[in-house]
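Subject: Structure for your review

Dear colleague,

Please find below the structure that I am handing over to you. A summary of what was found in it follows.

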Amino acid sequence: MASALSRALKLPGKKGSELGEYDPLTQADSDDESEEDDLVLNYPRNGLGRDSCLGTGSSKLRGGRSGRLVGAEDEAQEDEEEEEDEWRERLPSKSRQDRDDMKGMQYWSHRDSGRDRTGEDRGGSGSLGGTGLGVHSSDAEEKRKRMKNAIRTAFFLVPVVCATLLVLLCAFLIPCKKGGMGNRPQWERELGDAGGVTPPALALWEVDGDSAEDVLLGVTECTNDTHSTQGNKIYSAVALSAVSGQVLWRKVMRESVMYIQCGLQYSSQPSPVCLIIGKSILMAVNGTTGKNLWSVLLRNIESQVVLLPDLQGDSVPDLLIATLPADEALDLSLTLISGLTGARLGHPVPFNLTGQGKLIGPLLHETQQGAYYILFGLGNVEAISLRDIYFRATGKLPITQPLKRKDSVWEQLKKSNSSSFIHIYRGSERVAFLLPLVAGFGNNHNNLDTVSNLNSTKSEWVLVYGSSKLSVLRQTDMRKKWTSKSPPIHSQPALGHFNDDGILDLFFQHSANGSMKAQVLDGADGHLLWTAEFVCPRLVLEASAISTSTGQSAFIFWASEPIKTQKNSTRATVAPGVAAAEPLIRKLFLLHPVYPTILLELTSTTHTTVTSAVSYQDNQKDASYITVSSRPTPDSEPGARIVKSMSLRAAITKAQIVRLGESNKTGEPVKPGVFEINKFFRRLSFKNQAVGPQNRPLRDTVDGENRDTVSDSCEHVIRSYSAQTQEVVPFLYVGTQISKNFAALLEEHDIFVPEDDDDDD
């Protein structure tokens, strides 16, 4: 007792092993009222728990300041106090407040771990045990916290990782279902019988809603039916799918199909309207179903249909076609037809043309003053006002004001006031071709859409006459801009961009003495840009010019083996046997202006190709080369007509490189290299050419590439971002819901309680 009182006097406010050891005398003499608070805050270190305070044990709580002492003092209690002092000395660097906080934490940990223990188990030795377990319980608490944090992190990361893997799986690993254009196959189809080398009617137009230009073809089939009213032949117009080559519809005709033109639009019908032209009938059908809309019987049709402005005010363009007149003394008649109903507008207008030769036109031309003229002729080119034709056919003037207009500059070109003709070209050399200087004209794209006709009617004109002279006529007055002489030209020139001056250049072919020469003339002044010589393929077929992503055009043409010019010779020579015999193999070549000494051999065949066309797939940046050919057969059997579609980008990947006129020194690498050539052509893409009013492509060059390509790439990126967003957002939502449900599960099982985090902070 004496030692306890001595320690109490030395340390005012201190307490012993139990709450009842406070000395009321010493506590009364203390002036520090905070000692009572210290007594209350530090009571856990005395070994008192929830059980010892309220339960029965060896020590009882006996009053406060009333002076009553609790329990008997013995040696065991002194030992406990000495051990407590030693425990304090082991933490000299700790402040009093830190020690108090630590002991408080140990108390609560000890209290939770000892709830199942009874109050009787706590004696003098229990106080010592509680003090010893404090340090170990602190380590256990830290481990428990780390375990809880690890579990919480795992439960958070696992759903996020699973959702991310699911997104990546759907976006990259699982192949998406591609549309018909994504894996567009090449196809070949046999239709009808070959009728010699006469090209059949061929047109391209999108009729089935798949954004690809489908194939419309005139077909002739032989039959053994002797009772047929059409003899032993069946004529029809067939529409083939551009994707698969399957027959979309078939329209049986009573006579052979001469021309097919599409693109006429009615406001009451969203489907395109196609015109099927025979020798004596003009029929309009629904382009999607082939259903007959209207038909008109005419006498000896001689030309394709020309699309005119609306003559009647019914908001539908009207039509003009050339026929033979009833009076054999006259040469040609022009007939006006309603585009809506097919009814004739007035009567045919006959003309007596002073000329002989191939029929030129008719073609529509719009002058700078907005007046409309029709260009046509026989071996020459004449022009007559559309206003005069309408007045002579109907006896009245057109309703719309533009059709009443005449161009004063053109009217001054008349030789006399009594003549209605304006002489564009009249000479001893007959005209072979007349075509507008616009990209895409020809190649069986002479359709009836308003945009194409608007461009072609406001352009300059290419005139080929005398089989060896080529001129460009100005739009303003149809005078010659320049003239170039060449060997005989047997096919219509192809128009494309070979250089970067923005003016269309001319690619044409001519044959002589068993060889074929291909040339490109500058559309600005007519000088030679490129030339090459080949073994003659004995084939008269128009070349094709296709607009590419570089802003220049790729030229596709048929030929045989190229004749490489030797270093010391002025021209290539052909062996007599080669000139006399027709080559068996015909090859399809592709020329791009970036590599003028390189040709790509796309394919080769023994078939005789009679006509061809290029179909664009803007979504895929690709184009298809469509050919109609006849397969060689014995003379006793009729040949089969073969229709084939070939993807140009797919053909380029398998093409062979052919070098023209290159001679490198021994040991030096050939330039350009194969890798460089393959890299360029495999990155090349194709697109439909957009033409402005001045025949300049709507393009510009950015770092050597077409700005259109940049904008197309931006559109592709935007579409890709949109598609990725549509794929990612649903999975992110699902992942968020999974995380939310896991968080609720953790909170429910006391693994993660937000209030605990707030207390820790």
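**Nonpolar cores**

In this predicted model, the largest nonpolar core comprises 26 residues, and those with the most contacts inside it are Ile 546, Leu 590, Leu 602, Tyr 625, Leu 648, Phe 681 and Phe 686. At least two residues of this core come from each of the following elements: strand 27 (553-559), strand 28 (586-591), strand 29 (598-605), strand 30 (608-617), strand 31 (622-630), helix 12 (648-653) and helix 13 (674-682). Leu 602 may serve as an example: leaving aside neighbours within four places in sequence, Leu 602 is in contact with Leu 588, Leu 590, Leu 648, Ala 651, Ile 652 and Ala 655. A second, separate core has 24 residues, including Leu 320, Leu 332, Ile 374 and Phe 421. In soluble globular proteins, nonpolar side chains tend to be buried together.

**An open sheet**

Four strands, in the order 2-3-4-5, form an open sheet with antiparallel pairing. Strand 2 (202-205) and strand 5 (247-253) are its edge strands, each pairing on one side only. On average, neighbouring strands of this sheet are turned by 25° against each other, direction ignored. Strand 2 pairs with strand 3 (residues 214-222) in the antiparallel sense over 4 bridges, and Leu 217 in strand 3 is the bridge partner of Leu 202.

**Confidence**

The protein has a mean pLDDT of 75, with 66% of its residues at 70 or more. Over residues 690-717 the pLDDT is below 50, and this stretch has 41 contacts in the model beyond near neighbours in sequence.

Yours sincerely,

A colleague

Methods. Residues numbered from 1 in each chain as written. Predicted model: local features only at pLDDT ≥ 70, side-chain atom pairs only at ≥ 80, totals over all residues. Heavy atoms only, no water. pLDDT = per-residue confidence, 0-100. Contact = heavy atoms within 4.5 Å. Pairing = 2+ DSSP bridges. Axes fitted to C-alpha atoms, helices over the stretch in contact; angles between N-to-C directions. Core = buried A, V, L, I, M, F, W, Y, C linked by side-chain atoms within 4.5 Å. Buried < 20%, exposed > 50% of the residue type's maximum accessible area, 1.4 Å probe, protein only.
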